[in-house]
Amino acid sequence: MENKINFYSDIKEHISPSALQAWHNQRSMFVRSYFLKEKTPETKAMTAGKQIHRLIEAGLLEVKHKYGHNEETLVSECDCGFKVLGIPDSYERHWSGAKDGEGDPSDTAYFVDYKSGKENTWDDTKLAGDLKMKTTAWLVWHKTGKPSIVRGFIEYIPTAWNASTKEVEPTGGESVVAGQITYTSEELEAFTEVITKTIAEVN
């Protein structure tokens with residue numbers, strides 16, 4: 001039967017931060033992308049975003065937030081047995097003198113999501129309601145040993161269309177911290193139920 005709607009677990013063994021957000025905020029897009037497997041064509045802006053990430057990782061583009069782990073795939077399993085998978089742009093748990101065998105480890109993990117485009121559309125209000133960011137924070141929280149606080153940043157890198165190369169490229173302008181948010185361990189623990197419920201709804 002054409003266009004048969006299978007259970008999500010038959011399609012993928014995991015749910016991602018972007019898929020979780022799409023299920024809650026853009027249900028029709030979720031169905032098209034994940035059930036009907038309609039691929040969105042890659043735009044020039046999307047290609048530029050990938051290139052910017054490579055430049056940052058190589059140290060060729062300066063940013064304000066860059067941590068010890070970059071573009072690392074994180075996987076964590078919910079109590080329901082289903083996996084959550086995401087790739088934070090950059091993250092790290094900061095430690096105190098515990099590295100030298102003295103003092104207690106600091107209890108904060110940090111991560112950043114790099115954004116690009118002609119203009120910055122992010123602020124703290126928009127960030128507060130972003131489920132993709134919160135799911136990424138949940139993954140970082142699990143990976144770093146469930147610290148008391150996870151702090152996330154949106155860092156915007158300005159880009160513009162280059163008529164000569166016919167590509168979207170970084171303007172060379174300074175990056176801007178467009179938003180930041182702090183999640184507590186209790187908040188992220190409670191979010192586990194949101195993830196589990198979402199998986200149950202999808203399936």
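Which residues of strand 3 are on its covered face, and which on its uncovered one? This is a predicted model, where local features need pLDDT of at least 70, side-chain atom pairs count only at pLDDT 80 or more, and totals for chains, interfaces and linings use all residues. Residues are numbered from 1 along each chain as its sequence is written, and side-chain values use heavy atoms, leaving out hydrogens and water.

**View 1. The two faces of strand 3 (residues 74-77).** Leu74 and Ser76 make up the covered face, while Val75 and Glu77 make up the uncovered one. In a regular strand, side chains alternate between the two faces of the sheet. Strands here are DSSP runs of E with at least two residues, and helices are runs of H or I with at least four, numbered from the N terminus.

**View 2. The hairpin of strand 3 and strand 4.** Strand 4 (residues 83-86) runs antiparallel to strand 3, joined by four bridges (strands pair if DSSP finds at least two bridges between them). Look for valine 75 and its bridge partner, leucine 85. Five residues lie between the strands, and glycine 81 takes a positive phi near 95°.

**View 3. Two lysines with positive phi.** Most residues other than glycine have a negative phi. Lysine 146, with a phi of about 55°, sits in the loop between helix 6 (131-143) and strand 7 (149-162). Its relative accessibility is 39%, so lysine 146 counts as partly exposed (buried is under 20%, exposed over 50%, partly exposed in between, with a 1.4 Å probe and protein chains only). Lysine 166 also has a positive phi of about 55°; you will find lysine 166 in the loop between strand 7 and strand 8 (167-170). Lysine 166 is exposed, at 52%.
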